[in-house]
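This report describes the empty spaces, one helix pair and the domain layout of the structure shown below.

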Amino acid sequence: MADLTALLALFHDLATGRAPTSAARDLLRDDGVDPAVRAGVYAHAYVVRIRDAIAAEYPKVAAALGDATFTRMVRGYLDAFPTRRPSLRDAGEFLHRYLADGGWSDGPAWLADLAALERARTDAFDGPDADALTRADLAELPPTAFPQLRLRLVPTATLLALTHNADDAWAALEAEAPPPPAREVTRTVAVWRRDLVVIHRTLADDEAAALRAVVAGAPLGDAFEVLAGADDPAARAVELVTTWLDGALIAA
Amino acid sequence: MFPRLGHGLGLRTAHYPRVTAEPCPGVDWFEVISENFMVAGGNPRRVLRAVRERYPVVMHGVSLSIGTTDPLDDAYLGALRALCDEIEPAIVSDHLCWSSLGGHTVHDLWPVPYTEQALAHVVGRVEQVQDRLGRRILLENPSTYAVFRDGDLDEAAFLAEVARRADCGILLDVNNVHVSCHNHGWDRQAYLAALPVERVGQIHLAGHSVDGALLIDTHDHPVCDDVWRLYGDAIRRFGAVATCIERDDHIPPFDELVAELGDARRTAAAAREERHG
């Protein structure tokens with residue numbers, strides 16, 4: 001198998017730009033067209049196909065950078081994180097890590113968080129289906145059961161910690177408005193799918209803390225200890241649970 | 001050997017609302033890209049289930065990478081098998097190509113060297129895949145822009161021999177025959193003649209673009225006159241094989257594609273009359 005693997009490796013290096021297209025003349029037939037031109041077709045398609053797929057999954061990142069910069073960024077990303085998954089939709093799965101680790105610095109500081117937000121939305125889009133818990137379901141429980149109740153988020157739900165105002169940038173780009181200047185923040189965004197619609201919402205600090213406790217498996221009584229400083233902790237707890245139920249965030 | 005499904009369309013996201021909302025007269029079946037539906041849930045799976053309730057479905061993959069020397073991806077095959085078990089497709093296919101090496105997946109259809117070593121390698125892998133899926137698969141001739149210097153076989157002979165030895169089928173992409181023959185100076189009729197009639201289980205039709213001296217398989221144009229003529233030749237040789245039109249870019253309104261599918265139906269009918277006349 002060594003001969004075959006060696007042939008494939010030579011072609012791989014040509015078509016991914018790791019070897020100069022002039023090397024094609026030793027590997028490929030001429031048949032009336034320069035082998036370098038032939039290899040160039042594959043080299044061009046390799047970048048363009050993956051770039052277009054990443055742009056489709058990260059439309060706000062693509063819009064924020066513009067075509068030329070986005071293409072250069074994707075080339076750097078592919079060098080750092082060669083694609084390994086069979087679905088083209090996963091080609092950008094490490095983009096937020098590449099950006100967060102400083103792989104690309106020619107962009108706003110919220111770019112890495114924006115990529116993470118767009119990735120979370122993609123994951124939610126075709127994540128597992130699940131029925132959501134309803135107010136009617138909870139109404140069947142006696143009030144005394146609530147403090148010990150353990151809730152689960154629907155399986156598409158993710159709590160995303162932001163270090164910059166990427167949620168504001170997403171909203172501005174969605175409205176086709178200029179995105180805001182970057183600033184450092186400490187925010188949590190919940191991302192999930194309600195029926196077929198992907199939703200994200202920036203959480204208040206107390207809600208974020210309570211939801212993190214819920215995700216960690218805490219009973220509601222413990223999860224809502226973070227509300228102790230509220231004017232009316234019980235009313236706030238009811239408000240949060242109602243919001244989660246109406247938003248189809250809690251699994252049945 | 002393969003179901004005669006009539007004429008179908010590649011199911012694309014832009015047409016989901018139309019296809020799920022009302023009947024689609026003029027379309028006998030739909031082809032889906034397997035990898036797009038190898039997901040846990042959400043709209044893609046919902047649409048696929050809805051379409052499958054009303055139509056035969058054919059699954060067409062792009063990531064099998066049958067020609068690589070990497071091991072077969074068992075997780076991928078497991079997911080493909082699970083989707084097959086759920087959807088019960090009439091046909092399952094992928095390409096005679098490779099798209100990964102050393103764990104790097106390139107998301108393109110790269111040409112296989114047409115050597116005896118590669119032939120034996122591909123045959124063995126097709127047999128493994130068919131065992132894993134519990135069914136026969138079809139391999140499609142890809143559009144190629146380059147051919148390795150190494151290798152004494154031509155593409156059609158290589159594909160035919162893979163089909164015979166591995167007992168698999170052939171998905172004949174007529175546009176790809178046209179594109180590859182143009183790009184390499186091959187004879188289109190000789191290409192069709194080299195393929196065993198009983199192995200051709202499905203046909204693809206599509207459009208292409210011109211890039212200098214080469215034709216590029218872009219799936220962004222209607223089927224051109226040369227490809228329609230070659231399709232007629234294919235029907236005369238291979239019979240009423242299930243035929244599908246693919247469009248992946250500049251996707252027109254659904255009814256426009258159905259009208260083009262009508263052209264395919266009429267071309268096939270005329271070719272069959274000539275064949276039997």
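## Cavities and packing

The largest cavity is lined by B:Leu64, B:Tyr76, B:Leu80, B:Val92, B:Ser93, B:Asp94, B:Val129, B:Leu133 and B:Ile137. Two or more residues of this lining come from each of α3, β4 (91-95) and α4 (116-133) of chain B. Among the contributors, β4(B) gives the largest share, three residues. The model in which these features are found is a predicted one.

The space enclosed in the largest cavity amounts to about 50 Å³. Seven of its lining residues are nonpolar, one is polar and one is charged. In total, two cavities of 30 Å³ or more are counted.

The second largest cavity, with a volume of about 40 Å³, is lined by residues of chain A. These are A:Tyr77, A:Phe81, A:Pro82, A:Thr83, A:Arg84, A:Asp90, A:Ala91, A:Glu93 and A:Phe94. By class, this lining comprises five nonpolar, one polar and three charged residues.

An open space is also described. The second largest pocket has a volume of about 350 Å³. It is lined by 19 residues, of which A:Arg85, A:Ser87, A:Asp90, B:Met38 and B:Val39 are the closest to its centre. Residues of both chains therefore appear in a single lining, given that a lining residue has an atom within 4 Å of a point of the space. At least two lining residues are supplied by each of α7 (111-125) of chain A and α3 (74-87) of chain B. A:Asp90 is named in the lining of the second largest cavity and among the residues closest to the centre of the second largest pocket.

The volumes and lining classes are set out below.

| Space | Volume | Nonpolar residues | Polar residues | Charged residues |
|---|---|---|---|---|
| Largest cavity | about 50 Å³ | seven | one | one |
| Second largest cavity | about 40 Å³ | five | one | three |
| Second largest pocket | about 350 Å³ | seven | four | eight |

## A helix pair in chain B

In chain B, helix α6 (residues 174-184) and helix α8 (residues 225-238) have axes that come within 9 Å and cross at roughly 115°. The crossing of α6(B) with α8(B) is right-handed. From α6(B), the contact involves B:Val174, B:Asn175, B:Val177 and B:His178, while α8(B) provides B:Asp226, B:Val227, B:Leu230, B:Tyr231 and B:Ala234. Six nonpolar, two polar and one charged residues make up this contact.

## Domains of chain A

Chain A is assigned domain 1 (1-107) and domain 2 (128-252). The centres of domain 1 and domain 2 of chain A, taken over C-alpha atoms, are separated by 39 Å.

Note on methods. Residues are numbered from 1 along each chain as its sequence is written. Chains are lettered from A and ligands numbered from 1 in the order in which they are written. This is a predicted model: local features need pLDDT of at least 70, side-chain atom pairs count only at pLDDT 80 or more; totals for chains, interfaces and linings use all residues. Side-chain values use heavy atoms; hydrogens and water are left out. On a 1 Å grid over the protein atoms alone, a cavity is a set of points where a 1.4 Å probe fits but cannot get out, and a pocket is an open set with protein on both sides within 12 Å along at least five of seven lines; lining residues have an atom within 4 Å of a point. Grid points are joined across faces, edges and corners, and a volume is the space filled by probe spheres set on the points. Helices (H or I, at least four residues) and strands (E, at least two) are DSSP runs, numbered from the N terminus. Ala, Val, Leu, Ile, Met, Phe, Trp, Tyr, Cys and Pro count as nonpolar, Asp, Glu, Lys and Arg as charged, and the others, Gly among them, as polar. Domain bounds come from an automatic or database domain assignment. Axes are lines fitted to C-alpha atoms, for helices over the stretch in contact, and angles run from 0 to 180 degrees between N-to-C directions. A crossing is left-handed if the near helix is turned anticlockwise from the far one by less than a right angle, and right-handed if clockwise. Contact means heavy atoms within 4.5 Å.
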